[in-house]
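User: Hi! I've got a model open and would like to talk it through with you. Could you take a look?

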Amino acid sequence: MSFTSEVKNQICKDEVDANASKAQLCALFQIRASLHMNWQGMYLSFQSENATIAKHVFQLLKQNYHVDPRLAVLKKMQLILHSKDWQI
């Protein structure tokens with residue numbers, strides 16, 4: 001297991017108070033969140049390759065802000081076209 005994976009798992013295991021959990025959300029959102037605007041309004045999206053972090057963010061949002069966030073799981077596909085140089 002890599003060092004960053006160990007740190008992320010430790011962050012998710014520790015119990016924190018409301019202020020610390022909001023600080024964690026703020027830090028994670030600054031790293032991996034995007035604010036989107038369309039004709040329906042604004043929404044915030046957060047992406048993570050680490051399932052533990054995604055679950056942690058989901059739980060913190062529910063606990064601190066009493067919202068019902070939507071969760072989507074996307075699977076990356078790598079397409080190889082006859083050559084190893086062409087990967088998507």
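User: What pattern does the protein chain follow, read along the sequence?
Analyst: The protein chain reads α-α-β-β-α, with 3 helices and 2 strands. Helices (H or I, at least four residues) and strands (E, at least two) are DSSP runs, numbered from the N terminus. This is a predicted model, where local features need pLDDT of at least 70 and side-chain atom pairs count only at pLDDT 80 or more, while totals for chains, interfaces and linings use all residues. Residues are numbered from 1 along each chain as its sequence is written, and side-chain values use heavy atoms, with hydrogens and water left out.

User: Thanks! Which residues make up the largest nonpolar core?
Analyst: That core has 8 residues: Cys 12, Leu 25, Leu 28, Phe 29, Ile 53, Val 57, Leu 60 and Leu 61. A nonpolar core here is a set of buried Ala, Val, Leu, Ile, Met, Phe, Trp, Tyr and Cys residues joined through side-chain atoms within 4.5 Å. Buried means under 20% relative accessible area, exposed over 50%, and partly exposed in between (1.4 Å probe, protein chains only).

User: And which helix gives the most to this core?
Analyst: H3 does, with 4 residues. Helix H2 (18–32) and helix H3 (51–65) each supply at least two.

User: What is Leu 25 in contact with, leaving aside neighbours within four places in sequence?
Analyst: Leu 25 is in contact with Val 57, Leu 60, Leu 61, Asn 64 and Tyr 65; contact means heavy atoms within 4.5 Å.

User: Switching to the outside, which residues make the nonpolar surface patch?
Analyst: Leu 35, Met 37, Met 42 and Leu 44 make a patch of about 490 Å². Strand E1 (33–38) and strand E2 (41–46) each supply at least two of its residues. Patches are made of residues with over 30% relative accessible area and no salt bridge (a side-chain nitrogen of Lys or Arg within 4 Å of a carboxyl oxygen of Asp or Glu). Like charges are joined within 9 Å, nonpolar side chains (Val, Leu, Ile, Met, Phe, Trp, Tyr) within 5 Å. Areas come from the Shrake-Rupley method with a 1.4 Å probe; for residues, only the protein chains shown count as cover.

User: Is Met 42 buried or exposed?
Analyst: Met 42, found in strand E2, is exposed, with a relative accessible area of 57%.

User: One last spot: where is Asp 68 found?
Analyst: Asp 68 is in the segment after H3 and is exposed, at 65% relative accessible area. Asp 68 and Phe 58 are 10 residues apart in sequence and 8.8 Å apart in space, C-alpha to C-alpha.
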